[in-house]
Amino acid sequence: MLSFRRKLQSRVLTIWTSLLLLIALTLASAGAHAGGTAYEAELPADVHTNKNLCALLPCKDVFPGAAHFSERKGQPPYVEAYDNDSAAKKLLGYVMLSTDITDTPAYSGKPVVTLIGMDTGGHFVGVKVLKHSEPILLLGIPESALINFNNQYLGKSVSERIEVGPSRPDEGVIGLDAISGATVTVIAQNQVVLMSGAAVARQAGIIAPIVREPAKFNTLSQKFNWQQLVEMGAVKRLVVKQEQVGLPRNPTPFIDLWFGDLNQPDIGKSLLGDNGYASLQSRIQPGESAFFIVRTDGAESFKGSGFVRGGIYDRVQVKQGPDSFTFRDLDAFNLYGLEADGAPRYTESSIFVIRSASFSAAYPWKLAFLGNRIDQATGHRSFAVFETNYWMPEKLLDGGRPKVVEPDAPWVRVWKTQSWKIALFAGLLTLLTIVYALREKLTRLSTHKNKWPVNAFKYSFWAISIVFVGFGAMAQPSITQVLTWFHSVLFQWTWTLFLTDPFIFLFWIFIIVTVFLFGRGLFCGWICPFGSLSEALYKVAHLVGLKRFQFQLPQVWHDRLKWLKYVIFFGLLAVSLYDMTLAEKLAEIEPFKTTFLVGITNRAWPYGLFVCVLLGLSLFIERPFCKYLCPLGASLAIPSTFRWFGLKRKQDCNSCKACAVGCGAQAIDAAGRIDHRECLHCLDCMVLYTDVKGCPPLAKERKRREKDGLEITPIGKNGYFIPITPDATWQAQISAKAVNGPDPRMPTDPVLLERLDKAPLIKRIALEFVEHLSPWSSAGWAEHRMFNLLAVPAFIAIIAAWILLGMGRMSTSAIIVSWFVWSVIEVLLRLGNRRYVKDGAWWQSRYRVANLMDMLSYVAFKNLLIGAALLLILRAVNWTVA
């Protein structure tokens, strides 16, 4: 019978493994050939400059009733739609290209290029996505979902308050149904549609301009030098670097501009002199405003090519609230010189006049430099806007600055509209952390035959994570978010987009904190929606009669296959540095999107079959995906190497196999040691740790005491009975077999570093700092002199690389590759020189022997932190822009 069961288990495993391989190949093939009509679609090279926009793009798709379209006009540009092309033609409305107006990025970091039609009453009549870079809309969600989302705008007015989410009639908010799993994308799209429509509607007179009180100036009759003007914010700077427009890094900026207000008498006279200020005032009308721009560096002109294209200055724009102001030939005067002492030398200058009464110098405004960004990988150009805020110093305004109520950012509105749900979710995560922090009290109340003091909480959190977190809030964390966080440090990801999904944001705060406190197991084992679903199925199968078919892989195969998830993780990380879109496609190895975000029925059959195979396999093997395939688990396992608080072990664990036999994660080795990178914190071993009937060493001691009529004392923190008499020792309870065995209380053998342990605090901190930076040691030099010597030039080279990055002579991508190469060298050096890592909290002095995975985790995580810190510092002092 036993032989038959083993054969059946082997055949089941073979069938499921074959199915997984087949589906994986199918998914890879699908990912390689998948595509939507708008995903990374090719647009005409001159789509942003050609006057005849509708000869390039399908304007009739967004304005079906139009037969004729004008050339581009206005600033920002738009196209007029007519019923025919005769002299008696009737204006029907307007068509606009979103990237002519805003480059608001979506989740991919790139804008969704959208063509929008709007009638003369300000109602949207068509919205069509021409190009997007959202991988989830390529593989996860059909493009029809995006089309259906955009169709919700039809008939709605640009003057209405339209938000993603439920309607709120009492607040005058019209809601749009979001796309499940693409919240960030649709919120960004909502911004794009409304901002584009409003910009054109104001030019066309559909929306009345905002009326602002004219500025009233407080004249101090004082002239300021240039430094004083800069310090008080009366003149501001706008710098665009070469990298920001997709050009090779160069110390010389693309353009370096200084600008400021000329309306306030003290500022105007300080900059232009008395005569120059008087001359300017005589040339502008009441209600008009003037400001200056000078270019102090860079070869690019801020005047652009407007002199040959109808006299429009197409590089400069002023924005105040939702209003945009552009300039023609008659709106510009020559600036012959700056009179303020210390003013910089410049190569281009101008005075611009804002002739609209809706502008007020008393309110904040922005200077926008409009340009193009070149994608170095494809050579494509995209619209780009670079802005700097300006607000006249308060002391120069009569009555001070007016009170300005800025509209909430989209992510703020999301947090406000879902505040109670967010509070409940935050409470859930807090409760879980508290419950787990009290795990020892729960496990002492449990026994190996009655684990309900622990399981009542654990199973409750599983149910909540599956039903409410997974299927309800769709807040399943993913490896794509790890890649996003990684790129946010390296390539300045827009953090506000991540805030747009508050549940994921809070989840990651919880994950980061608890991984460092306890390791990956609290998240993976207690509240990961897919992990909870997988283990719940295993438990249910156990109850319904499938127990005899359930099995674990042989330990030797488990120990080999567990590394597969690390290979997948590092592979995805490497691919993301080359192509984030491809990494998103390959991340379909995760079944989370299909299970919770999109749904099996809404995806192509290979994705649904992949999920079914994984969940089907979960009926027979406990958490197969979590143990062998999950790249998210692998990414969290690396910092888990350095968790502060681990699970308890006693000396007898090195010879007793009771915990190891019952460990579903197979995270306990033959020496009784727990691998915290693999442990899923089921707490079964902690229950046995104090169970006087279930733990063999404790049961043996209990029986001895009962036989001899001795007192049964409580279990101490060390896992043994408290000695009966003060002169007795608990060491006597350790079996002879366990005494001379390895210490299972640490994942590997301890290492004594007397130079650190016995050093004073300040010296110890300094020595530890050197330990982290230098991989060399005197003993290592003696044993591996040649290799250590060859590594010195590599160390010097990486220092030089960081210096070159700071000087602007090396790209961020190059420093990442260099830093990776050095990390590989450092791992090899430390294995031969300093083969140990710290165990537990950072303030403790517990060191242990490092195996290969320990050293890989240590060096990878340490150098990631160092590299991120250096990049952030360089950005903070404006030395480098990723």
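In which kind of crossing, left-handed or right-handed, does α10 pass α15? The crossing is left-handed, and we will come back to this pair of helices below. The structure above is a predicted model, so please read every value here as computed from that model. Its chain has 882 residues, and 52% of them are buried. Let's start with the whole chain and then visit some helix pairs and single residues.

**The chain as a whole**

- The chain's secondary structure consists of 32 helices and 19 strands.
- Along the principal axes, the C-alpha atoms fill a box of roughly 110 × 65 × 55 Å.
- Take the contacts between residues at least 6 apart in sequence: 68% of these join residues at least 24 apart.

**The nonpolar cores**

- The largest nonpolar core has 83 residues, and F507, F510 and F523 touch the most other members.
- Helix α13 (residues 502–518) gives this core its largest share, 10 residues.
- Another core lies apart from it and holds 53 residues, including L272, I351, F369 and A384.
- As background, nonpolar side chains tend to be buried together in soluble globular proteins.
- If you want to look around F510, set aside its neighbours within four places in sequence: F510 is then in contact with L429, L432, T433, L522, F523 and I527.

**Helices α8 and α10**

- Helix α8 (residues 419–437) packs against helix α10 (residues 452–472) at an angle of about 155°, and their axes are 12 Å apart.
- Angles over 145 degrees count as roughly antiparallel, so α8 is roughly antiparallel to α10.
- The crossing of α8 past α10 is left-handed.
- On the α8 side, the contact is made by F425, L428, L431, L432 and V435, while α10 brings F457, F461, I464 and V469.
- By class, the residues of this contact of α8 with α10 are 9 nonpolar, no polar and no charged.
- One residue to find on screen is L432, which takes part in the α8 contact with α10 and is also in contact with F510.

**Helices α10 and α15**

- Here is the pair from the opening question: the axes of α10 and helix α15 (residues 529–546) come within 9 Å and cross at roughly 125°.
- That angle makes α10 oblique to α15.
- From α10, the residues Y459, W462, S465, I466, V469 and G470 meet P529, S532, L533, E535, A536 and K539 of α15.
- The contact of α10 with α15 has 7 nonpolar, 3 polar and 2 charged residues.
- V469 of α10 is worth a second look, as V469 takes part in the contact with α8 and also in the contact with α15.

**Helices α17 and α22**

- The axes of helix α17 (residues 564–578) and helix α22 (residues 631–640) come within 8 Å, crossing at roughly 90°.
- Why are these two helices called roughly perpendicular? Angles of 65 to 115 degrees count as roughly perpendicular, and α17 and α22 therefore fit that description.
- K565, Y566, I568, F569, F570 and L572 of α17 make the contact with P631, A634, S635, A637 and I638 of α22.
- Sorted by class, this contact of α17 with α22 has 9 nonpolar residues, 1 polar and 1 charged.

**Three single residues to find**

- N863 sits in helix α32 (residues 852–876).
- With a relative accessible area of 2%, N863 is buried, because buried means under 20%.
- Leaving out neighbours within four places in sequence, N863 is in contact with W819, W822, S823 and E826.
- G608 belongs to helix α20 (residues 605–617) and is buried too, with a relative accessible area of 6%.
- Not counting residues up to four places away in sequence, G608 touches T594 and I600.
- G608 and P591 are 17 residues apart along the chain, and their C-alpha atoms are separated by 8.7 Å.
- Is E406 buried or exposed? E406 is exposed, because its relative accessible area is 53% and exposed means over 50%.
- You can find E406 in the loop between β16 (381–390) and α7 (410–417).
- The C-alpha atoms of E406 and S157 are separated by 22 Å, and these residues are 249 residues apart along the chain.

Definitions and conventions:
Residues numbered from 1 in each chain as written. Predicted model: local features only at pLDDT ≥ 70, side-chain atom pairs only at ≥ 80, totals over all residues. Heavy atoms only, no water. Core = buried A, V, L, I, M, F, W, Y, C linked by side-chain atoms within 4.5 Å. Buried < 20%, exposed > 50% of the residue type's maximum accessible area, 1.4 Å probe, protein only. Helix = DSSP H or I, 4+ residues; strand = E, 2+ residues; numbered from the N terminus. Contact = heavy atoms within 4.5 Å. Axes fitted to C-alpha atoms, helices over the stretch in contact; angles between N-to-C directions. Parallel < 35°, antiparallel > 145°, perpendicular 65-115°, else oblique. Left-handed = near helix turned anticlockwise from the far one by under 90°. Nonpolar A, V, L, I, M, F, W, Y, C, P; charged D, E, K, R; others polar.
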